[in-house]
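Labels such as buried, bridged or lined rest on cut-offs. The questions below ask how such labels are earned.

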Amino acid sequence: NDIGAEGMKELCAASSHFSSLTNLYLSSNHIGAKGMKKLCAASSHLSSLTTLDLQNNKLGDDSVESLVLFIKQCPLENLDLSNGDGTIENKFSYDGAQLLMQRANSIRPGMKLIMPQ
């Protein structure tokens, strides 16, 4: 997998057909902050999405605002930002991780958020 930000653009262009999608697994795709912004822009079409797996996608502090907006717009119950066994790590600073966790908890209490270690 390696769709990157440009691949996210294509995926999001088709997102109007995804209204009943409940699980989206995009681990190890080099999405980065640009790809996360594109996914966020398509979030209005993901009204049933409860699980989003973004392991190993080069996400970090520059993705926090897009992630927060995505959490606001989708009924997520599970968001995985961990680093599984891939080499493309998500890297958040302590402050970035704290900000994301606090804002996610205030928007969607009880959502399972898995952060990188």
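The turns that follow concern a predicted model and take up its labels in order.

Q: Why is Ile88 called buried?
A: Ile88 has a relative accessible area of 12%. Buried means under 20%, so Ile88 falls in that class.

Q: Where does Ile88 lie, and which residues does Ile88 touch beyond four places away in sequence?
A: Ile88 is in the loop between strand E3 (78–80) and helix H4 (94–107). Its contacts are Ser28, His30, Asn56, Asn57, Lys58 and Asn83. One of these, Asn56, is 32 residues apart from Ile88 along the chain, with 4.8 Å between the two C-alpha atoms.

Q: What makes Arg103 and Glu65 a salt bridge?
A: The closest N and O atoms of the pair are 2.9 Å apart. A salt bridge needs a side-chain nitrogen of Lys or Arg within 4 Å of a carboxyl oxygen of Asp or Glu, so Arg103 and Glu65 qualify. The pair links distant parts of the chain, with Arg103 in helix H4 and Glu65 in helix H3 (residues 64–73), 38 residues apart. A search of the whole structure finds 1 salt bridge.

Q: Why are Arg103 and Glu65 called partly exposed?
A: The relative accessible area is 26% for Arg103 and 48% for Glu65. Partly exposed lies between the limits of under 20% for buried and over 50% for exposed, so the term applies to Arg103 and to Glu65.

Q: What makes Val68 count as buried or exposed?
A: The relative accessibility of Val68 is 1%. Since buried means under 20%, Val68 counts as buried. Val68 is part of helix H3 and touches Leu100, Arg103 and Ile107, leaving out residues up to four places away in sequence.

Q: How do you know that Cys12 is not in a disulfide?
A: The closest cysteine sulfur to that of Cys12 belongs to Cys40, at 9.5 Å. A disulfide requires cysteine sulfur atoms within 2.5 Å, so Cys12 and Cys40 are too far apart for a bond. Cys12 is also buried, because its relative accessibility is 13%.

Q: Why does Cys74 form no bond with Cys40?
A: The sulfur of Cys74 is 8.1 Å from that of Cys40, its closest cysteine sulfur. The limit is 2.5 Å, so this pair is too far apart as well. At 1% relative accessibility, Cys74 counts as buried. The search of the whole structure finds 0 disulfides.

Q: Which residues line the largest cavity, and how do they divide into nonpolar, polar and charged?
A: The lining consists of Leu11, Cys12, Ser15, Phe18, Leu24, Leu39 and Leu46. Of these residues, 6 are nonpolar, 1 is polar and none is charged. Leu, Cys and Phe count as nonpolar. The space in this cavity is about 40 Å³, and the search finds 1 cavity of 30 Å³ or more.

Q: Why is Pro75 called partly exposed?
A: Pro75 has 30% relative accessibility. That class runs between under 20% and over 50%, so Pro75 belongs to it. Pro75 sits in the loop between H3 and E3.

Q: What is Pro75 in contact with, leaving aside neighbours within four places in sequence?
A: Pro75 is in contact with Leu46, Ser47, Ser48, Leu49, Thr50 and Arg108. The C-alpha atoms of Pro75 and Ser48 are separated by 6.6 Å, although the two are 27 residues apart along the chain.

Conventions: Residues are numbered from 1 along each chain as its sequence is written. This is a predicted model: local features need pLDDT of at least 70, side-chain atom pairs count only at pLDDT 80 or more; totals for chains, interfaces and linings use all residues. Side-chain values use heavy atoms; hydrogens and water are left out. Helices (H or I, at least four residues) and strands (E, at least two) are DSSP runs, numbered from the N terminus. Buried means under 20% relative accessible area, exposed over 50%, partly exposed in between (1.4 Å probe, protein chains only). Contact means heavy atoms within 4.5 Å. On a 1 Å grid over the protein atoms alone, a cavity is a set of points where a 1.4 Å probe fits but cannot get out, and a pocket is an open set with protein on both sides within 12 Å along at least five of seven lines; lining residues have an atom within 4 Å of a point. Grid points are joined across faces, edges and corners, and a volume is the space filled by probe spheres set on the points.
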